[in-house]
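Here are a few short exercises to work through with the viewer open. Try each task before you read its solution.

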Amino acid sequence: MGGRTRKTANGVKTAKANLPSKPCAACGRPFAWRKKWARDWDNVRFCSDRCRAAGAGKP
Ligand SMILES: [Zn+2]
């Protein structure tokens with residue numbers, strides 16, 4: 001008798017590509033949030049240790 005089945009197909013989460021990013025202070029390239037920066041994201045200014053070494057050398 002009453003056998004209606006509704007589908008809610010759109011239950012997919014897209015968690016990727018939802019990460020913040022900012023430009024590197026040394027090379028100027030945008031870099032994405034990393035888990036290791038989770039605590040310190042506001043203070044992260046360089047995309048890599050190499051850029052940090054290069055950028056931190058400025059007086
Ligand atoms: Zn960089």
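**Exercise 1.** Find where C47 sits in this predicted model, and decide whether C47 is buried or exposed.

*Solution.* Start with the chain: C47 is in the loop that runs between β2 (30-32) and α1. Next, count neighbours: 22 other C-beta atoms fall within 10 Å of C47. The cut-off for buried is 20 or more, so C47 counts as buried.

Now look at who is around. Setting aside residues up to four places away in sequence, C47 touches C24, C27, R29 and F31. Take C27 from that list: C27 and C47 are 20 residues apart along the chain, and their C-alpha atoms are 8.2 Å apart.

**Exercise 2.** Do the same for A25: which loop holds it, and how is it classed by its C-beta neighbours?

*Solution.* First the location: the loop between β1 and β2 contains A25. Then the count: A25 has 16 other C-beta atoms within 10 Å. Buried needs 20 or more and exposed needs 12 or fewer, so A25 ends up partly exposed.

For its contacts, skip residues up to four places away in sequence, and you're left with R45, F46 and G55. Finally, check A25 against C47: 22 residues separate them in sequence, while C-alpha to C-alpha they are 8.1 Å apart.

**Exercise 3.** Work out which element P23 belongs to, how P23 is classed, and what P23 contacts.

*Solution.* P23 is part of strand β1. Inside 10 Å it has 12 C-beta neighbours; exposed means 12 or fewer, so P23 counts as exposed. Leave out the neighbours within four places in sequence, and P23 is in contact with G28, R29 and P30. As for C47, its C-alpha is 8.0 Å from that of P23, with the two positions 24 residues apart along the chain.

**Exercise 4.** Zoom out: what is the order of strands and helix, and how many residues are buried, as a percentage?

*Solution.* Tally the elements: one helix and two strands. Reading along the sequence gives β-β-α. Of the 59 residues, 2% are buried. For contacts between residues at least 6 apart in sequence, 20% join residues at least 24 apart.

**Exercise 5.** Which element has the highest confidence, and which the lowest?

*Solution.* Strand β1 (residues 21-23) comes out highest at 96, and helix α1 (residues 49-55) lowest at a mean of 91. Over the protein, pLDDT averages 83, and 69% of the residues score at least 70. Where pLDDT is low, don't read the predicted coordinates in detail.

Key:
Residues numbered from 1 in each chain as written. Predicted model: local features only at pLDDT ≥ 70, side-chain atom pairs only at ≥ 80, totals over all residues. Helix = DSSP H or I, 4+ residues; strand = E, 2+ residues; numbered from the N terminus. Contact = placed C-beta atoms within 7 Å. pLDDT = per-residue confidence, 0-100.
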